[in-house]
Amino acid sequence: MKPLYLFVFIATNFVYSNVKAQCNFFDDYTTSTGWTQVGSEVEIINGKVHFINGAKCREFQKRLHKPLGRTIDENDCWEVKFEFKPSSVGSKNNLPYSGHVILGLTAGTNSFNCDCPDPPCTGRKKGNQDGFLLNYSAQNPPNGDLFFHIIARNSINLHPSQRIIANSLGATYFITLAKAQKNQVQLSVYSDSGYTNHLPGSPVMLTYPGNIDGLTHVQHGNTINGELRRELTGTLDNVCIKWHDPMPSRASLSLPKDTQICAGDSIVLNAGMGSQLNYLWSTGSMDSIISINKAGKYYVRISNGCLEISDTIEVIGKPALTNQLEDITFCNDEAAFLSYRASDVSLLWSTGETSSTIYPTQNGLYWVEVTNVCDTIYEEAFVDFKNCTCDISLPNVFTPNNDGTNDYFKALEISTECVINLSIFNRWGMLVFETTNNDFRWDGGDVADGVYFWVVDYTNSKGSSHSKKKGTVTIIR
């Protein structure tokens, strides 16, 4: 059966003990190793990223970037956590004014919004680099509020989120940016290091169209196309990025074809596709491999915490082989046969035949070996042939006078294989005697002497032949 892809939402709160061990990408900025600095004033100093002297926008690029160590695409799920402390911002119309990308996940090393050939970004050519940009900003013209928001950039198309107001300069904000579903990203801002107390308006969910693919770098910096008055001084620390293992292709999940199971047997179902994936079977097991011993439909769901694929197998119980043969008697003139009826079996008779039915021709013990995928049994039956001919001979006179001679009307000759129905009538058609007993003896009862008419129907014990005779009998006392 074809596997199915599903998207599932996963809660984004991590327990933050032993932070580094939980992160696929972690930096506490104790060293600048791996980071590329573009321009100045956004620098790694004393174990933090520092936005220095306002890190003014527009005058030249002021950025840091570092490879993630993998490529993140639209079908991937991930979470970023970090700490950010703004100390001061610029001013416009005597109101706070900022506009910096404090963290970006980008499909390359270019500036956030422009293709820049040099630090001043000569020409400020509009860029088309995919990415997610987390901004600490103010609107233009400013209204007195500073806020966090996300911009999802799909080539040249920008998709901004709603805002989370954060006006407290000098306070440390604890931030998560999480993608737990295709085409959705969520921003949460907290006031405490336990990531429990949301700021008002937090979290915000941004839904965007299309795909944002090929993310390879994490960046911090100013925006080269922003106004000079947009300034930010502050620090950033302890960036943790965790992503879920990539899902295998849907074609690579394939449980066995629907199959059969024998009584007392077990079948091992192996859906193992990686130790970092999550498994859930219809049995409740969360192992990648299960053993089953009953018929039924079984499914497995495999998730990397974001995407899910599933597959199903039907296990059909194989019926146990049953005893079918019994000793049997046939008449000599009868077509004798022995049969074993079952599906998906192989047969071997004592006669060497392999069909479901054989036709014995003589007395004897016959056996059959029956085999299916589960078992082999032996069956036997004794076949007896006998003479089933039925005939009856009746007298035409008897003398019921108790002299010990010819006192009864009874069969002169009758086969033990006969099944009879004898009726005797007087001359007016009235029934005076009837029997089905082969050993009948009629003494005439209280009827008068004279002639009586009899009719006998008879068959052999197999019912394979049927005959009828008529005659008369005279009673003389």
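Buried means under 20% relative accessible area, and exposed means over 50%, with partly exposed in between. The exercises below concern a predicted model.

**Exercise 1.** Determine whether C390 and C418 are buried or exposed, and describe the bond between them.

*Solution.* Step 1: C390 is buried, and C418 is buried as well. Step 2: the two residues form a disulfide, with sulfur atoms 1.8 Å apart. Step 3: the torsion about their S-S bond is about 120 degrees, so this disulfide is right-handed. Step 4: C390 lies in the loop between β32 and β33 (392–393), while C418 belongs to strand β36; the pair therefore ties together parts that are 28 residues apart in sequence.

**Exercise 2.** State how many disulfides the structure holds, and characterise the one that joins C23 to C240.

*Solution.* Step 1: there are four disulfides in the structure. Step 2: one of them joins C23 to C240, with an S to S distance of 1.9 Å. Step 3: the torsion about the S-S bond of C23 and C240 is about -110 degrees, so the disulfide is left-handed. Step 4: C23 is found in the loop between α1 (19–22) and β2 (25–27), and C240 in strand β20 (residues 232–243), so the pair ties together parts that are 217 residues apart in sequence. Step 5: C23 and C240 are both buried.

**Exercise 3.** Classify C262 and C374 by accessibility, and describe the disulfide they form.

*Solution.* Step 1: the sulfur atoms of C262 and C374 are 1.7 Å apart, and the two residues form a disulfide. Step 2: C262 is in the loop between β21 (259–261) and β22 (267–270), and C374 is in the loop between β31 (364–371) and β32 (376–386); the pair links distant parts of the chain, 112 residues apart. Step 3: because the torsion about their S-S bond is about -85 degrees, the disulfide is left-handed. Step 4: C262 has 9% relative accessibility and so counts as buried. Step 5: C374 has 28% relative accessibility and so counts as partly exposed.

**Exercise 4.** Explain why C57 has no bond to the closest cysteine sulfur, and examine C114 in turn.

*Solution.* Step 1: a disulfide requires a pair of cysteine sulfur atoms within 2.5 Å. Step 2: the closest cysteine sulfur to that of C57 is in C114, 11 Å away, which is too far for a bond. Step 3: C114 is in no disulfide, and the nearest cysteine sulfur to its own, that of C121, is 4.6 Å away. Step 4: C57 is buried, with a relative accessible area of 0%. Step 5: C114 is buried too, with a relative accessible area of 4%.

**Exercise 5.** Describe the open sheet that contains β31 and β32.

*Solution.* Step 1: this open sheet has four strands in the order β27-β32-β31-β29, with mixed pairing. Step 2: β27 (328–331) and β29 (346–349) stand at the edges with a single partner strand each, so one side of each has no neighbour in the sheet. Step 3: β31 and β32 are antiparallel and pair over eight bridges. Step 4: Y366 stands opposite A381 in β32.

**Exercise 6.** Describe the open sheet of five strands and the pairing of β36 with β37.

*Solution.* Step 1: the strand order is β34-β39-β38-β36-β37, and the pairing is mixed. Step 2: the edge strands, β34 (397–398) and β37 (431–435), each pair on one side only. Step 3: β36 (residues 418–425) runs antiparallel to β37, and four bridges join them. Step 4: L422 has T435 in β37 as its bridge partner.

Methods: Residues numbered from 1 in each chain as written. Predicted model: local features only at pLDDT ≥ 70, side-chain atom pairs only at ≥ 80, totals over all residues. Heavy atoms only, no water. Pairing = 2+ DSSP bridges. Helix = DSSP H or I, 4+ residues; strand = E, 2+ residues; numbered from the N terminus. Buried < 20%, exposed > 50% of the residue type's maximum accessible area, 1.4 Å probe, protein only.
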